[in-house]
Amino acid sequence: MDYGKPGDPSGCYFPQEWRSPGAKIGHANREAVRQFFAEHIGCSNVECAKALGLSAMSVGRHVATLRKEWAE
């Protein structure tokens, strides 16, 4: 499992360094969103949210974070 990299917005590199339970959950959700869009090219945030059991707004936040990664 990927636990991030230096500069990762989750602020952690290894499981023992999670700054809060929410950081671990957020990281897991972001990786699920990343995987979903890799396998379902062209899907909308709403479709991703329904498939993963997340809100469309949370998927949008994760997509924004992923786009920042690609821009670097």
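At what angle do helix H1 and helix H3 pack, and how far apart are their axes? Here are my notes on that and on the rest of the fold; keep in mind that this is a predicted model.

1. To take the opening question straight away: helix H1, which covers residues 21-39, packs against helix H3, residues 56-71, at about 75 degrees, and the two axes are 10 Å apart. Angles from 65 to 115 degrees count as roughly perpendicular, so H1 is roughly perpendicular to H3.

2. Who does the touching there? On the H1 side, the contact is made by Gly26, Asn29, Arg30, Val33, Arg34 and Phe37, and on the H3 side by Val59, His62, Val63, Thr65, Leu66 and Glu69. It's a mixed bunch: sorted by class, the contact of H1 with H3 has 5 nonpolar, 4 polar and 3 charged residues.

3. Stepping back for a moment, the protein chain has 3 helices and 0 strands. Read from the N terminus, the order is simply α-α-α.

4. Next, the pair H2 and H3. Helix H2 spans residues 45-52, and its axis lies 8 Å from that of H3, at an angle of about 110 degrees. These two are therefore roughly perpendicular to each other as well. Their crossing is right-handed.

5. If you want to find that contact in the viewer, pick Asn45, Val46, Cys48 and Ala49 of H2, then Ala56, Val59, Gly60 and Val63 of H3. The contact of H2 with H3 divides into 6 nonpolar and 2 polar residues, with no charged ones.

6. That leaves H1 and H2. Their axes come within 11 Å and cross at roughly 120 degrees. That makes H1 oblique to H2. This crossing is right-handed too.

7. Here H1 brings Ala32, Val33, Phe36 and Phe37, which meet Asn45, Glu47, Cys48, Ala51 and Leu52 in H2. By class, the contact of H1 with H2 comes to 7 nonpolar, 1 polar and 1 charged. Some names come back from earlier points: Val33 and Phe37 of H1 also take part in the contact with H3, and Asn45 and Cys48 of H2 also take part in the contact with H3.

8. Finally, some whole-chain numbers. The chain has 72 residues, and 29% of them are buried. The accessible surface is about 4,900 Å², with 59% of that belonging to carbon and sulfur atoms. As for contacts between residues at least 6 apart in sequence, 30% join residues at least 24 apart.

Notes
Residues numbered from 1 in each chain as written. Predicted model: local features only at pLDDT ≥ 70, side-chain atom pairs only at ≥ 80, totals over all residues. Heavy atoms only, no water. Helix = DSSP H or I, 4+ residues; strand = E, 2+ residues; numbered from the N terminus. Buried < 20%, exposed > 50% of the residue type's maximum accessible area, 1.4 Å probe, protein only. Contact = heavy atoms within 4.5 Å. Areas by Shrake-Rupley, 256 points an atom, 1.4 Å probe, with all protein chains shown as cover. Axes fitted to C-alpha atoms, helices over the stretch in contact; angles between N-to-C directions. Parallel < 35°, antiparallel > 145°, perpendicular 65-115°, else oblique. Nonpolar A, V, L, I, M, F, W, Y, C, P; charged D, E, K, R; others polar. Left-handed = near helix turned anticlockwise from the far one by under 90°.
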